[in-house]
Every structure is written in structure tokens, then in C-alpha cells.
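Let's walk through this one together, following the charged side chains and then taking a quick look at the cysteines. Have the 3D view open as you read.

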Amino acid sequence: MEQLHFKTNVQIKSIIGKDLINDDNIAILELVKNSFDADAKRVEISFLNLKDNDDSEVESYSHKTSRIILTDDGVGMDIVDIREKWLNIAYSEKKTKSRQYDRLMAGAKGVGRFSCDRLGKYLNLYSKKDGDTFIALKIDWKKFEINDKDTEIQSIALDYEELTSSELLQRGILPFEHGVVLEIIKLRSNWVSYDGNRWITDKLSNLKKYLEKLINPNQAFEKNDFGIYLSAPEFLAENAEQEDNDKFIGKVENTIFQKLDFKTTSIECKSIEGGTQIQTTLKDKGETIYWVKEVSDFYPSIKDFKITLYFLNTYAKAFFTKQTGIRSVDYGSIFLFLNGFRIPPYGEFGDDWLKLDQRRAQGYARFISARDVVGQIEILDVDESFQIVSSREGLVKNDNYDRLTNKKNGLFYRVLRRLERYVVDGLNWDSIPEKDRNKISEIEKKIISGELVENDLKYQEDSNTKRRRIYESIHYIINANPQKVIELYINEDLIESKITEEKALAEQEFSQLLSDFENKKVSGELLAQILRRKAEESEELEKQLAAFSRYTTTEATSKAIAEIQQYKKTIEEQTHIIETLKKQLEKIQSEIEETKQNANIRISAAEKKQQQAEKERDLIKQANTYLQSTRTISEEEESFIHIINVYAAEIEPAFEKIDSIVESNNSISKDLIREMGVIRAFFDKILSTASLLTKANIKKLADKEIINLSDYIVEYINKCSEVLFRNIDFKIINDNHVEYYGAYSLLDISVLLDNLISNAKKEHADKIQINIFQEKDKYIVDFSDSGNGVSDPVIGEHMFDVGVTTRYGGSGIGLASVKKIVNDMKGKISFLGNNIYLKGATFRIEFDI
Amino acid sequence: MRTHCLIIDDDNQEEYFNTHVQRVLRAEGVEIVPVFVKPTDRKYLKSDHSGLDLDAIVSDCKNLIDTLDISIIVSDCKVATRKDPFTGVDIILALIETHPKIYKILYSATIKDAIKQILSLLPTKAKMEDTDVNTVIRDLAKIAKINDFVSGKGYEQKVIEYFRNPEICYKQHLINVLKECAPDVIFKSCYPPFNGKTLKEIGREIESDTPQGREFQEELIRQTLAYMVAINHE
């Protein structure tokens, strides 16, 4: 059988170099990796002739042509190495051995050398092994860019020569003991540009940042003995003007996570004891909250690892920005470092390799999103458990990858969940209150400008409150399987401070309670409430004790647990005392209740009395509304009243005389007697007016007014008769408080009453009784006196006629006046008889209701 | 002739009216029956005793006018209590609204106060600007319908004078006859415009002084004279 062979066309160079390594930064990284694998301690990357060069002027290159010189101090290569390894495409020593020079090898593809093609059109390689001569290899990459199907890559000849130190120096390269110098000439990319005013050096800054991220901050775990240095001598001034974060000249370092250590909550989980155990440490602002050693569930899949995660709350994000110059979200999230070098694109902005955002979108707000956490997963992979797909496509998704990233039981999520429990359930108070969310950007600005330092943050709780919460949630946060826990440490200060604080609070509350009890300020309800709380507290302590007893603990933690036990005892004692107090209080309260009931009965009786008194007072008050109690009058008015009384006294005998004439002479004309009656009636009114002058508004007296007749009678008798009829004892009975409203002249009613009283007085009455009541549809006022009574009762209704003498009260003119007034009021007056209420006469005045 | 007089006063006027009006006019052949409305009567008290109910008083007066043959109204000015916001003037003005033709006399011991109240209805410059002119005209017309004013209680003279006016006397007599003698007899001939009306309705036409009422009276005289002349011939 005949055989065929692949041919390697010359164009494979372009495919590997320019096309496969499609990013300048990656190209440089690949070269750095090669240096690392060659046990270099130091790699220097120098950019020369970027400002001023002859790139566009010369066909080939001169000393003024742009270039990158990458120098390392690795073991270097001799001519055999160059021929057999460097020029052997796709050959990688990593494929035959993972560890070399006591380092895990970083390069894996054997294509890194083609990065030089990506970067520049020409390459001069200078190499020297310790004790050997310098080898110089020259490559013009253009020679490989032939479009010919028959030209194979190996057919392109490359020139090389051996050089002395002085010859090397003549070519502008400083001699060296061992290592490799790559002189990449006529650069394909513009690493800087000029905008007419200044040089733009962003690409250089970006390169440094890129390399920083690619360098494991722990420098590949083992030895801190590898350094990358960037230089660009033409740009010293420009570099000096840059912000710290944008400086591009100097050592490439990754210190972000060390800085963050003091600002954030972090969790570190690493393999110990050859990977059979894992130790997890949770720190908050540098203070260890707990650590736990457990049997590893991931051995032997993931033997040698360290996962460090930093939770960034709003403040931490702002501090991140302040320190790194970029927002944490732009910086990236969780990076994977395999054997010391980063695996892109994992963790870069927009890359969700661990599916954090997907999980948050599907799950709850309780999950941390990619933008809330930064960190790294460092894996030292001796067994090649993890394979890199390409320089930009991360790892092969094999079983080990799944053990690392599986959401359900992967290593990463195990660690993340512990952090989540702490920050979401334990430290949630650190976040900004909902109502102040709109102030976030303002706060961020202040932090970044330095106006606000960590101690100023007002939303953070005081340390005591914070500790208490940490304590409460700590057990839940650990969430470890007790069978797998080898050793547990919990910050004993936290427990102790919690106990001390709780104790002080409980003591204070207890002594307050006792003092309140002494002062009788405590209710049964309050005691029951305290008892309930004590029971809850006791239960909680019991739960915590049970939880902690499952773990093997350090001495300090055991001491703290003993404190909890002691504290629980105190709580129980207090509970007992409170229960006794409660019983006492209940007894007292039942006594009080009894006393209260008795008091209520007495209060109710007193209230009734008071109501009665108030009613009486109101009646009196109402009575006062018709006649003022006393009216201040002037001297003139007083004289006027006096004169009226004097003249009245003069007229009075004349009326008596007329009475006797009328009585003895039957021939006197009735008309005359009637007119005399009119005169007498108005004389009475004048007298009444005079007597009321001090009691009432005169104008008011003559006018009609709507009054309650019962009230007015009471008032008139009480207020006015005291002047006119001092020697008569009045009694008014209106048991049912009967009322009768009408529009009457107060003067008319006064005259009516005056006449009745006057007649009684003439019959020598010393008592007058007025009974007011309602009978059927009549309002009745019975007026009776203790005088001699009507001497001739049979005369009946005629006694009210003018001129009819009744041997009661004189001529009878008075009674006629009374009748006229009553009739005008649409009422009726009648004589009931003698000796009805009192021994004298009783007259009844009645009105229809 | 027999007619009614409505007296509105808060005091009893029965005896006074009987003595000074009724007896006098009776002697002259006019039987005048007084109808008294006493605004301070308990039936006009508002239920809460806060005052007197003007509407109830006016309503009572109107009922009386409508049911009785009232040819004259006399009213005191002070008819209510001190606290009530109305006087006899208000009652009279309210009656003018519905019965403008009935003769009305207002009397008062303090007639000046009554006149002041009436004058307050007169249009002032400000009132003319603020009030609709029709309202002003109506107010003026109302005032003009109060036929006489008396200072003091002596309204009797004015009442007597009114009935001594022969025109009034004749007209009132005619109305009385029509309304009282055979009120429900239907008029069928002699004066076609009133064909189909009852005598009582014709009485009201005359009372209201309508053109046809006046024409009917003239016609009545002519036909009565013609009838009398015819009898002479017999």
C-alpha cells in the first residue's frame, strides 16, 4: 500500500500567528508564559521608537524602527533547542511534562512563538544558555506570506548566527548570562497615537491592566519569584502624568484583593492535608468570624485549590472604584487561575461562566449576582484534570469542570452559599435602606472623591448590633454537616460580647421590672409578655447550645458555650421570679377589682345626686332668664320709684273709700264702676311696673314674650314678692315640672299675681301655696291662701264681675282685673272654694293645652 | 248690608270693636262682623318656642279671606313678641300679594316705626342699582295697596268712614246679595259674557273690579230701570 502525507503549507504561519492569536495583549501574554515555563524570574517588555520611527519610510527596518523587546532571564535555548523545540510548530513541553524547574507549566499549545508574528513584521531572537554562546535567529514573517500551494513552511530558510557579547551589544542588546531576548520589529499595531496635543497611551495602560489581571495575586501559590516589568522610555513624562491606576511603566502587580480584604466580607476556602480536607474561613473587614475544617467532598477531583471571594456591597464597590480606578463591574467577577495564569474569558465583564446571573435571574434576590462579588479560583493542576480549549475559550467542560462549577453541589457554589448566607442573612443591614436607594450614586461619588471615609458610613449598624446579628445567624451560615466537621472555630469575642450584652440588658430589664413591681407600675399583661420573651430566649439559647454541641470546637469556643449555658440558667431563674411576681400581682388585682366594684356603686349613686343637683341648678338658672336678679338703678330712678310709691299710698285710701261707697250704695252706675275698675287695673300696673323697676327691663315688661308660665310664676314669687309681700310664706309645688309656653306680657302676669296676693293679704293670709299641674288637656294653676277665705262662696262666678263684692279682698275690682287678664290670655279663672289646700280661698286658673 | 272685617292684633279687640265700630255701623244699617286673628295665640308658637310662625299666621288670614266675605282688613303694627322678626306690616304686605283689592288699614301706637319699615321698601339709588326693577315696582305697588294709616288705636273712625262711602256700600251690598242670597244659581241671560256663571262667581268678578264686572253693574242698572219703567206702565 502506498502512503500519503499531510503537507504543511507556508500559510499556516498566518493562521496560527495572526489569526489564532487575535489580540495583541494575548500575544504578549503567550510570550510571557513561555518565559515563565523557562523558569524566568523576570520578564521585561520594552516598547521602543513608538513616538518617532521610520516604519513608513524604510522597506525593511533600521535602529529607528518601532519595536518591542521582551527579555527574560530564563534558562535560554541553545541551537538544538531552537531547532527542535522553538521551530517545531505545536510542540509543547507541557504535553510531556507538567512541571519543569519546579513550576507548573503555563504554555500548553506550543503556538506562543507565533505571537511575535502577530505583534511585528520582523523578529530577532537572541538566546543564550548559561555558559553557551549567544544565538541570533532572524525571521522576516513576510517570507511566509506566499500564496503558493506547493510551498511548505519548512522550505522557508531562516538565518541564524552565533554572536559574541560585543557583537550583541553592537546590535543594541545588552549581553546576558542566560535567557531569551525577543526583538519584535516594525510593529503591526499602533500602541500609541497622537491627537495633535498629546500622546494617547491607553493601549499601553490596558496592556498593563490586562497582565495584572492575568497574574495571580498569590503568584502561582508557591513562590513569589516571577515579575513582569513594562517599560517605554519615550513615555516617562506621559506615564508620570497618569493616574496611579493608569500608569503603564513598572512592575505588573495584582494587589486588588489584598486591598479589598479590609473593606469587604470575604470567604476563603482552600484544600489542606493533600486535598483530603478543606478549610473555610469567613472574614468580615479583616476579622475572622469563623473557620471550619471539614473532610473534602471534592477529593481527588480537585486536589489543590484555593477559592477567595469578596462580597462587594455598595460601599465596597465605591471603595473598589476608588482604589482600582475602574468600577468593579467593569473589572470583572470571578477569575479562574490555572497554574498561576488566568484563563480568559472567565470572570471578564459580561462573562457569566459560573452562571451567577442566570441563577439570580431564575432565583431570588437572596442570591448574589456577578456584579456583587469579585474573586478568584486558583487551581494547581498537576494531573491535567483541566484542559484549556484555546487562549480565549476557557476550559474543556469535563467532569472535573462540573465538580468545580455545578450549581447544586460544585465546589464553587458550596463556598458561595456560605458567603451568601452571611451577607444576605447575616450582614444585610450593611446595605443602604430602601428609601435612600436613590442616593447611591451620590454616596459613591463621595467615597470615590475621598469626601467620605469608611467610618462616616451612617447606614452601617454599630458594632454591637452587628455582632448580635452575626451571632444569631452564624450557625445557619456555617451550615456544615457535623459528621464531616473536623474542627470549628467561632470568634469567641463575638459570643462573649453577645452574652455580656444580653446579660446586661436582661439584668437591667429585670431590676427595672422589680422596681416597677414595687411601685405597682406592672400589669399582668406586661409580666406575661416578659415571661413569653424569656421563654423564647431560653428556647433560642437551648437551640444554639444543641447546635454547637454537635461540633468539635476549639477551647475558646467551648468557653463561650459554657457562658451560654450559664446565661441560660440566669434566664431560668429570672423566669421563676417573674412567675412569682405574676401570681402576687394577680392576687392584688383581684382585690383591686373588688374595691373598684364597690367604688363604682358609690360613684354611680353620687353621680345621680349630682345630676339631680344639676337639674335643679338648671331650673333656677332658667328661671333667672325672665327677670334679672338685681338691676343697678340710678339715684333719679330710685327717687322716681319712691315718689310713685308715695303717691300710690295717697291713692290707696281713695280706692278704699270708693270700695265702701260702692258697697253701701246700690244706685251707682255699673258703667262708672267698670271704668273705676279700669282705673284700678292700670293703677295696679303702674305700681307693679315701679316695683319691677329694679328687677327687669321696663320695655321688656310691657312687650309680649314667649315664656314658660310655670317658670315665670316661680321666678316672680321668688324675686319680686320679697319686696312687696315680705310677711307671706310662699310655697310653689310643681312636682311634675309641668311647662306651659305662651306669648304673654310679663307685666300682665305680674299684675295678675299681685292682685291675687294682695287680696289674700287683705284677708290676713300669712301663707300662700301655688300648685301647678296638668290635668287631662288643661294646664292648671291653683292659688290658695291661709287667709279668711271668701265669706260668701255661693256667689260663684259673679265674684269676678266688676263691682261685685265678695267680702274677699275689698271691692272686687281686683278680681275683675284678674279675670280680664286671664281671659286675654285665653284662660279661665274660677273659685274652687275655701279650705282646699290651705284654710283660705283657692282660685283655679286654667288654660287649654 | 252685611260684611266681615278682619282684625289682626295681639291684644283682645272684641269689646273695643263691638263698642266702637260694630254698634255704630249697625245703627247705620251695615252689619259688620269682626274676625279676629291674634298672632300671639299659642297655636302660632313655633314648636321649639323660639318665636311665632309668620307663615301660619298669614296662611290663617288668607283662609279667612277666602272663606268669608271680608271687605276690610285692619292690623296693628306690633302684633308679635319683641324677639320676632316681623310686624303687622309684614302680614299686610303678604296679604296684598294675594288680595290686592281688599281695603287695608294699618294702625299703631308707634306708627312712625311702621312707616320707617314701609319706607325701607322704597327704592333708593343703591337699591335701584342692586335690585331688579320689577322687584322695585312690585314693592311700590304693594305699598300703594295699604289704603290708610292710623296713629294709635283709633282705627274705628277709618273703618266707619270706609263703609259710609256710598259707592263702597252699594257695591258691597251687591256683592253680598250675589254671594249670599242664591250663590249657586246659574246666570243664563241678559248679560251674555256671564252666561253659565253662578251668581257667586259674578260677585267675585265685581269684587275683583274686572271690566266685565263693571259692565255687568251698568247693565244691571239699565235693565232694572227698564223693568221698573215697564211695571209703571202696567
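## Following the charged pairs

Start with A:Arg418 and A:Glu294, whose side chains meet in a salt bridge, with N and O 2.6 Å apart. Keep in mind as you look that this is a predicted model. A:Arg418 sits in helix α13 (residues 411-426) of chain A, while A:Glu294 belongs to strand β15 (residues 287-295) of chain A, so this pair ties together parts that are 124 residues apart in sequence. Are these two partners buried or exposed? A:Arg418 is buried, with a relative accessible area of 3%, and A:Glu294 is buried too, at 0%. The cut-off for calling a residue buried is under 20% relative accessible area, so A:Arg418, at 3%, falls on the buried side.

Why would such side chains pair up at all? Side chains of opposite charge can do so when their charged atoms come close.

Next, find A:Asp246, which forms a salt bridge with A:Lys209; here the closest N and O atoms are 2.7 Å apart. A:Asp246 lies in the loop between α7 (236-241) and β12 (250-251) of chain A, and A:Lys209 is in helix α6 (residues 202-214) of chain A, so the bridge ties together parts 37 residues apart in sequence. A:Asp246 is partly exposed, with a relative accessible area of 23%.

Now for a pair that joins two loops. A:Arg188 forms a salt bridge with A:Glu145, and their closest N and O atoms are 3.8 Å apart. You'll find A:Arg188 in the loop between β8 (179-187) and β9 (193-194) of chain A, and A:Glu145 in the loop between β6 (134-140) and β7 (159-163) of chain A, so the two tie together parts that are 43 residues apart in sequence. Both partners are partly exposed: A:Arg188 has a relative accessible area of 29%, and A:Glu145 comes in at 35%.

That pair has company, as A:Lys13, A:Asp117, A:Glu145 and A:Arg188 are linked in a network of salt bridges. How many salt bridges are there over all chains? The structure holds 40.

Finally, the cysteines. A disulfide is a covalent bond between the sulfur atoms of two cysteines. How many turn up in a search of the whole structure? The search finds zero over all chains. While you're at it, look up two of the cysteines: A:Cys269 is buried, with a relative accessible area of 1%, and B:Cys5 is buried as well, at 0%.

Definitions and conventions. Residues numbered from 1 in each chain as written. Chains lettered and ligands numbered in written order. Predicted model: local features only at pLDDT ≥ 70, side-chain atom pairs only at ≥ 80, totals over all residues. Heavy atoms only, no water. Disulfide = S-S within 2.5 Å. Buried < 20%, exposed > 50% of the residue type's maximum accessible area, 1.4 Å probe, protein only. Salt bridge = Lys/Arg side-chain N within 4 Å of Asp/Glu carboxyl O. Helix = DSSP H or I, 4+ residues; strand = E, 2+ residues; numbered from the N terminus.
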